[in-house]
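This briefing is meant for a reader who is meeting the structure for the first time. It goes through the arrangement of strands and helices topic by topic.

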Amino acid sequence: MDKIRNFCIIAHIDHGKSTIADRMMELTGTVEKREMKEQLLDSMELEREKGITIKLAPVTMQWKGYTLNLIDTPGHVDFSYEVSRSLQAVETAVLVVDATQGIQAQTLANVYLAIEQDLQIIPVINKVDLPAADVEGVAAQIMNLLGCPREEIIEVSGKTGYNIDLILDRIISLNDIKNNDSDKTKALIFDSYFDDYRGVVLYVRVFEGEIKKNAEILMMAAETKGLALEVGVLTPKMNPREKLSEGEIGYIVTNLKTTREARVGDTVTIAKNPASQALPGYKHVLPFVYAGFFPVSNDQYKELKEAIEKLSLSDSALAFEPENSPVLGFGLRIGFLGLLHMDIIKERLEREFGLDLIVTNPSTNYEVVMNNGEILEIKSAADLPDMSEIAEIREPWVKGEIILPKSMIGNVLDLINKKRGHQTSLSYIEDRAVIDFEAPMANLLTDFYDQLKSVTSGYASFNYELNGYRAEDLVRVDFLVGGHKIDALSVMCHRSEADALGRETTKKLKEVIPRQNWEVALQAAIGARIIARETIGAYRKDVTVKIHTGDRDRKAKLLEKQKRGKARMKRFGKIDIPSEAFTVMLKRD
């Protein structure tokens, strides 16, 4: 065990985690030159295209007689639970900061996670070979953040491989793993995915005991049993072994059929001789962004359901339930960890399963306290009970952190206030400001990140976490098209914002709903009270063109006949609402 070192790389998006991991695998000879490609651990097509890590990837390397286990973690805030579980599986964190960008919001968030897990942190400045690199300025930021001396910070270039060996040497020189001498087995699941041919594969870190091939295993939180059909390490291909011992990181191929039976953060033990207590820190991750997914053609509903079931096999954070809309037909209401998570699932459904989808405006979940004390959780405004039976409605709030240049503080504080948020503290790291704030989740969902990038010219970075539910004066705003209420367009919002939201949305709907042969009223309403209205004018045929005389009575008679025809159309006419109408809230002005 004194020859094993477990570490992970943490950084903000695009600071070079996966590239440094590539150089490490090259340097240690884990992957042959001919098999090498950029961002080797980012195996998913979407990851390669977007240039981000979506799923974490472990790899085992050999260096100077030591076994080094690396976990390459995602940098995005939506996957912070995965990052925190990965940090629990290792003893050391390599903190990578881009020499051209300095410390960003997710760098800070991940540092706090690492300090919480009591890890040894190795500070690294990447991209020092770029002309725009400000090595000394970034070093000062890191020293300020971690309180470490300048000589501890390693300057590297992930692209050229400069000084990567110094990181590996530093990892070896740090403390080794403490031995537990326990006959009970405990291993932490830090990731799991579903393989079409083999079943659920678990990525685990063994803390106590050992797991042998063909042993019967028990997931302690899920209380499910399974068989370890194969165990081994990743190099990064699967490399089978007879057993996984204490201190090692590897994989277990099980006979389980879904990742819901073995979630991230659960503890694996041997069924015959189970551990009495699970490893700490397991929590059931609940989604807090919900959107309705409907196929353009109702014939594809069955395919959509099967596709989501397949994706949820390997993504235990996905939650879904059937939804029916009078306008859109049958679909699913799906819960996500955040907007990036939603984008990725939508892209995968369209690419991998060839589906054509309509996605409604994303919303969050609300807690509704009824007059009789019962608490309901609703995921869509359409599910809200009658207002006379409701005592209060609670909405989720988030704690956010924005890092930005000092000169732009005013614009950002103004933006936070517009979103009903308030600043809780303001601090500085060298030439940058850190704004801590609280705001309602629903107001940050649609375009807060875009507006933040816009008012800071792209220099700000943003990170958030859920901070409980608070009772607010919330109302349900319904939208009526031609007098018919469209449930899929209903939204929850604060009473003070309802009028402006109603006016803005009806204006946008007027642009996307096509004109008809009769006049169509677009209305926003709270209960029975109309708060905004726009009218889509009718197409009008000139019926008097065939009259060649100037007889007023004949003209009036024809116009009256046309008017009666339009009134009849208005009563029986059906308005076809295009799919863009359902994502109208996401449209920027």
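Strand β16, which covers residues 289-295, and strand β18, which covers residues 329-336, pair in the antiparallel sense over 5 bridges. The model is a predicted one, and the points below describe the sheet that holds this pair, then a second sheet, and finally a pair of helices.

**The sheet with β16 and β18**

- Within the pair of β16 and β18, A291 stands opposite I334, the latter being a residue of β18.
- The sheet is an open one, formed by 4 strands that follow the order β17-β18-β16-β19, and its pairing is antiparallel.
- At the edges of this sheet are β17 (319-325) and β19 (357-359), each of which pairs on one side only.
- From one strand to the next, the twist of this sheet averages 30 degrees.
- Helix α8, made up of residues 339-352, lies across β16, β18 and β19, and the helix runs at about 15 degrees to β16.

**The sheet with β1 and β4**

- Here 6 strands form an open sheet, arranged in the order β2-β3-β1-β4-β5-β6, and the pairing is mixed.
- The edge strands are β2 (57-63) and β6 (154-155), and each of these pairs on one side only.
- Strand β1, with residues 4-10, is paired in the parallel sense with strand β4, with residues 92-98, and 4 bridges are found between them.
- Opposite F7 stands T92, a residue that belongs to β4.
- Helix α1 (residues 17-27) packs on this sheet, where the helix touches β1, β2, β3 (66-72), β4 and β5 (120-126), and the direction of α1 makes about 150 degrees with that of β1.

**The helix pair α9 and α11**

- Helix α9 spans residues 409-418 and helix α11 spans residues 448-455; their axes come within 10 Å and cross at roughly 160 degrees.
- Because angles over 145 degrees count as roughly antiparallel, α9 and α11 are therefore roughly antiparallel to each other.
- The crossing in which α9 passes α11 is right-handed.
- On the α9 side, the residues that meet α11 are N411, V412 and L415, while on the α11 side the residues F448, Q451, L452 and V455 take part.
- Sorted by class, this contact of α9 with α11 has 5 nonpolar and 2 polar residues, and no charged residues.

Definitions and conventions. Residues numbered from 1 in each chain as written. Predicted model: local features only at pLDDT ≥ 70, side-chain atom pairs only at ≥ 80, totals over all residues. Heavy atoms only, no water. Axes fitted to C-alpha atoms, helices over the stretch in contact; angles between N-to-C directions. Helix = DSSP H or I, 4+ residues; strand = E, 2+ residues; numbered from the N terminus. Parallel < 35°, antiparallel > 145°, perpendicular 65-115°, else oblique. Left-handed = near helix turned anticlockwise from the far one by under 90°. Contact = heavy atoms within 4.5 Å. Nonpolar A, V, L, I, M, F, W, Y, C, P; charged D, E, K, R; others polar. Pairing = 2+ DSSP bridges.
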